[in-house]
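The exercises below ask for a careful reading of one structure, from whole chains down to single residues. Each task is followed by a solution that proceeds step by step.

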Amino acid sequence: MTQLPGLLDTDAIRKDFPLLDRIVHGDKKIVYLDSAATSQKPRQVLDALNEYYERHNANVHRGVYTVAEEATALYEGARDKVAAFINAPSRDEVIFTKNASESLNLVANMLTWADEPYRVDRDTEIVITEMEHHSNIVPWQLLSQRTGAKLKWFGLTDDGRLDLSNIEEIITEKTKIVSFTLVSNLLGTVNPVETIIRRAQQVGALVCIDASQAAPHMVLDVQALQADFVAFTGHKMVGPTGIGVLWGRQELLEDLPPFLGGGEMIETVSMHSSTYAPAPHKFEAGTPPIAQAVGLGAAVDYLSAIGMENIARHEHAITEYAVKRLLEVPDLRIIGPATAEDRGAALSFTLGDIHPHDVGQVLDEEGIAVRVGHHCARPVCLRYGIPATTRASFYLYSTPGEVDALVDGLEHVRNFFG
Amino acid sequence: MYQEVILDHYKHPHGRGLRDGDAEVHHVNPTCGDEITLRVKYDGERIEDVSYEGQGCSISQASASVLNDLLVGKDLADARKIQETFLELMQSKGAVVPDEAMEDILEDAVAFAGVSKFPARVKCALLSWMAWKDATAQALGESAKKETA
């Protein structure tokens with residue numbers, strides 16, 4: 001077996017993930033290389049979900065009886081865990097949503113209705129980048145259409161990095177918000193946050209960071225980042241689906257208007273008007289995803305026990321190995337940085353002119369699960385003149401042996417369509 | 001699912017390229033980015049040509065090639081019968097095993113029977129057929145308008 005410096009004890013870790021033992025197509029052990037789409041879940045998270053429903057299920061923030069108090073304590077306890085995980089100055093800055101898309105839409109909608117000094121109108125500008133997931137493009141297109149603000153974006157270099165050469169023309173005095181991904185889901189690129197934030201701060205623009213591909217894989221410290229909003233989702237970080245997070249700076253959450261109205265987000269309601277609860281509840285209308293939040297709390301505990309630095313080191317080693325091995329495959333072109341430096345563990349590539357759907361289908365026959373298509377980042381495919389890519393993505397349970405299986409599988413694909 | 005017939009059509013597509021037509025449509029499969037631009041040319045109710053350009057997986061491209069083989073020269077009623085039979089096969093989730101009657105209608109297209117077991121790929125196989133249906137509606141709608149004008 002290939003030994004690489006920095007690897008975690010994957011034999012032990014994989015025992016926690018029941019799905020990784022799945023056998024598919026008769027006798028093929030699953031090689032799960034799609035963690036950038038969603039991660040697998042450890043038993044600890046599955047147990048937390050079960051335990052919640054079996055012993056503590058009640059609605060939160062309402063009942064005075066024992067299990068209702070327990071449910072509330074578990075839900076709010078999950079908020080404490082997430083706040084600690086991202087080093088938030090206050091637990092009240094952590095808003096639970098259903099996923100990162102909802103988190104990003106929430107920011108865009110706060111701004112749709114915002115008054116000065118946050119007001120977005122036809123004399124102002126919104127800045128994103130060409131490497132965003134559709135969830136960090138479409139909400140800003142909607143904001144632009146609804147307010148008349150101009151939408152601008154950073155382009156990409158040939159090697160899959162942000163082109164910041166014209167940063168002073170893109171981010172200007174008119175810019176109200178800059179929203180960009182910390183790590184690209186398609187290219188794997190880790191973006192230079194400091195450079196962008198420094199410029200945004202110069203012109204007084206707000207900064208929103210999509211950390212969906214970062215929170216699962218590296219230390220995420222919202223204070224060190226110095227952004228105004230940070231969005232991520234639970235299901236990519238060994239948590240359940242249906243739970244996302246929006247972190248926002250407290251004064252902004254106090255100043256900006258709510259988006260969804262309903263139960264839980266109010267202070268008092270009359271037939272004429274209402275006043276709102278303080279953040280985070282102001283932004284959590286209705287019964288929240290309680291079990292999912294509890295599951296995310298368990299996920300955060302799981303990741304923290306292993307250590308985010310250790311996870312990042314493991315993934316870096318796997319990625320470095322994968323880049324080296326993939327580049328040995330004839331006709332394979334990596335879309336994104338062809339190095340492990342400043343890149344995450346999602347590797348997209350094309351294989352000659354074999355369509356990614358065909359690559360994915362033949363790999364599936366070998367039990368290898370990869371993502372194919374445009375990865376909800378179609379503008380990136382357009383930028384590089386390709387219809388789609390195949391993407392292999394790694395996580396804390398990925399092994400060098402799985403990289404080898406992928407490389408062997410790709411040889412098989414080439415022979416099949418050759 | 002990758003029958004030899006499918007790979008043959010993929011590697012050597014029949015009737016590919018855009019030629020003169022009465023209507024043109026562009027269809028995409030948004031989940032994966034398969035695309036086709038398809039034109040139909042009618043002589044009354046007879047299909048004179050179906051021409052196409054596209055990019056996508058072997059299933060979507062081979063399916064367009066088979067469509068061209070099957071439909072060009074046919075009367076609209078026969079073509080509709082073929083399209084409906086292919087649709088039935090593709091939506092069968094692998095439950096329909098083509099019998100001789102179906103093979104007579106679908107010819108090479110029976111090779112796609114295996115694809116119907118893969119829900120994610122059914123759309124690839126149907127892309128060009130849906131485009132043809134749409135283009136036909138547009139083309140004959142146009143000529144109908146011309147006749148009444």
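Two residues are in contact if their C-beta atoms, placed from the backbone, lie within 7 Å. The model to which this criterion is applied here is a predicted one.

**Exercise 1. Describe the overall build of chain A, and state what share of its contacts joins residues 24 or more positions apart.**

Step 1. Begin with secondary structure: chain A has 14 helices and 17 strands. Its radius of gyration is 22 Å, close to the 22 Å that the globule rule gives for 418 residues, so chain A is as compact as a globular protein of that length.

Step 2. Turn to extent and burial. Along the principal axes, the C-alpha atoms of chain A fill a box of roughly 70 × 55 × 35 Å, and 52% of the 418 residues count as buried.

Step 3. Apply the contact criterion: among the contacts of chain A with a separation of 6 or more, 71% are between residues 24 or more positions apart.

**Exercise 2. Carry out the analogous description for chain B, and give the order in which its helices and strands follow one another.**

Step 1. Chain B has five helices and three strands, and along the sequence they are arranged in the pattern α-β-β-β-α-α-α-α.

Step 2. For 149 residues, a compact globule would have a radius of gyration near 15 Å, and the 15 Å of chain B agrees with this. The box filled by the C-alpha atoms of chain B, taken along the principal axes, is roughly 50 × 35 × 25 Å.

Step 3. Buried residues make up 40% of the 149 residues in chain B, while residues 24 or more positions apart account for 64% of its contacts with a separation of 6 or more.

**Exercise 3. Determine how many residues of each chain take part in the contact between chains A and B, and characterise the side contributed by chain A.**

Step 1. Counting on both sides, nine residues of chain A are in contact with eight residues of chain B.

Step 2. On the side of chain A that touches chain B, helix H12 (356–365) and strand S16 (371–373) of chain A each supply at least two residues.

Step 3. Sorted by class, that side of chain A has four nonpolar, four polar and one charged residues.

**Exercise 4. At what angle do helix H1 and helix H2 of chain B pack, and which residues make the contact?**

Step 1. Helix H1 (residues 4–11) and helix H2 (residues 58–71) of chain B pack at an angle of about 85°, and their axes are 8 Å apart. Angles of 65 to 115 degrees count as roughly perpendicular, and H1(B) is therefore roughly perpendicular to H2(B).

Step 2. From H1(B), the contact is made by Ile6(B), Leu7(B), His9(B) and Tyr10(B), and from H2(B) by Ser58(B), Ile59(B), Gln61(B), Ala62(B), Ser65(B) and Val66(B). By class, this contact has six nonpolar, four polar and no charged residues.

Step 3. Consider H2(B) by itself: its 14 residues reach 20 Å from the first C-alpha to the last, close to the 20 Å expected at 1.5 Å a residue. Of these 14 residues, 13 are buried, and H2(B) is thus mostly covered. Just after H2(B), Gly73(B) takes a positive phi of about 95°.

**Exercise 5. Locate the cis peptide bonds that join Glu116(A) to Pro117(A) and Ala279(A) to Pro280(A), then decide whether His25(A) and His375(A) are buried or exposed.**

Step 1. Most residues other than glycine have a negative phi, and most peptide bonds are trans.

Step 2. The cis bond between Glu116(A) and Pro117(A) has an omega of about 5°, and Pro117(A) is found in the loop between helix H4 (100–112) and strand S5 (125–129) of chain A. The cis bond between Ala279(A) and Pro280(A) has an omega of about 5°, with Pro280(A) placed in the loop between strand S12 (274–276) and helix H10 (290–306) of chain A.

Step 3. His25(A), with a positive phi near 50°, is found in the loop between strand S1 (23–24) and strand S2 (28–29) of chain A. Because 10 other C-beta atoms lie within 10 Å, His25(A) is exposed.

Step 4. His375(A) has a positive phi of about 55° and is found in the loop between S16 and helix H13 (378–383) of chain A. Because His375(A) has 26 C-beta neighbours inside 10 Å, it counts as buried.

Notes
Residues numbered from 1 in each chain as written. Chains lettered and ligands numbered in written order. Predicted model: local features only at pLDDT ≥ 70, side-chain atom pairs only at ≥ 80, totals over all residues. Helix = DSSP H or I, 4+ residues; strand = E, 2+ residues; numbered from the N terminus. Rg over C-alpha atoms; globule rule 2.2 N^0.38 Å. Buried ≥ 20, exposed ≤ 12 C-beta atoms within 10 Å, placed from the backbone. Nonpolar A, V, L, I, M, F, W, Y, C, P; charged D, E, K, R; others polar. Axes fitted to C-alpha atoms, helices over the stretch in contact; angles between N-to-C directions. Parallel < 35°, antiparallel > 145°, perpendicular 65-115°, else oblique. Expected span 1.5 Å × (residues − 1).
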